[in-house]
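Visitor: I am new to this structure and should like to learn how to read its features. Could you please guide me through them in turn?

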Amino acid sequence: DGSVKHAKKNLEVSFLITDTAHSVKVKYAGVLPDLFREGQGIVVQGKLNAENTLIADQVLAKHGAEYMPPPAAAAIQAAKLAKIKMGDKL
């Protein structure tokens with residue numbers, strides 16, 4: 001917590017990633033995913049430099065295992081309701 005630092009003049013951001021035993025500083029220049037938050041699981045691709053900083057090419061925010069995009073959840077719910085109306089058992 002508290003490691004995310006945004007540059008004031010551009011899209012550069014730095015933060016720490018951790019596996020709770022070790023931490024690595026990450027630097028990234030670009031738009032972060034909407035789901036990017038401190039404490040959120042992420043996937044980072046890039047290269048480790050001589051200062052042990054990961055220069056990220058890509059940052060992806062991970063959804064929880066139970067996450068489902070709202071349109072997909074609505075479609076599944078609508079399909080279940082349609083089957084119930086038709087008398088099919090789920």
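Visitor: To begin with the chain as a whole, what share of its contacts between residues at least 6 apart in sequence join residues at least 24 apart?

Guide: A contact means heavy atoms within 4.5 Å. Among contacts in the protein chain between residues at least 6 apart in sequence, the share joining residues at least 24 apart is 34%. Please note that this is a predicted model, in which local features need pLDDT of at least 70 and side-chain atom pairs count only at pLDDT 80 or more, while totals for chains, interfaces and linings use all residues. Residues are numbered from 1 along each chain as its sequence is written, and side-chain values use heavy atoms, with hydrogens and water left out.

Visitor: Which pattern do the helix and strands follow along the sequence?

Guide: Helices (H or I, at least four residues) and strands (E, at least two) are DSSP runs, numbered from the N terminus. The protein chain has 1 helix and 5 strands, and its pattern reads β-β-β-β-β-α.

Visitor: In what order do the strands lie in the sheet?

Guide: Strands of a sheet pair through backbone hydrogen bonds, either parallel or antiparallel. Two strands count as paired if DSSP finds at least two bridges between them. Here 5 strands form an open sheet with mixed pairing, in the order E1-E2-E3-E5-E4. E1 and strand E4 (42–48) are the edge strands, each pairing on one side only.

Visitor: How many bridges join E2 to E3?

Guide: E2 and E3 pair in the antiparallel sense over 7 bridges, with valine 13 opposite tyrosine 28 in E3. These two strands form a hairpin with 4 residues between them, and threonine 20 in the turn has a positive phi of about 75°. On the other side, E1 and E2 are antiparallel over 2 bridges; lysine 5 has serine 14 in E2 as its bridge partner. E1 and E2 also form a hairpin, with 5 residues between them.

Visitor: Is aspartate 19 buried or exposed?

Guide: Buried means under 20% relative accessible area, exposed over 50%, and partly exposed in between (1.4 Å probe, protein chains only). Aspartate 19 is partly exposed because its relative accessible area is 49%. This residue is found in the loop between E2 and strand E3 (23–29). For the chain as a whole, 18% of the 90 residues count as buried.

Visitor: Which backbone nitrogens does the side chain of aspartate 19 reach?

Guide: A polar contact is a pair of N or O atoms within 3.5 Å; within protein, one must be able to donate a hydrogen and the other to accept it, and residues adjacent in sequence count only if both atoms are side-chain atoms. The side chain of aspartate 19 reaches the backbone nitrogen of alanine 21 at 2.9 Å and that of histidine 22 at 2.7 Å. In the segment before strand E1 (5–6) is serine 3, whose side chain has a polar atom 3.0 Å from the backbone nitrogen of leucine 16. Leaving aside neighbours within four places in sequence, serine 3 is in contact with Ser14, Phe15, Leu16 and Glu38.
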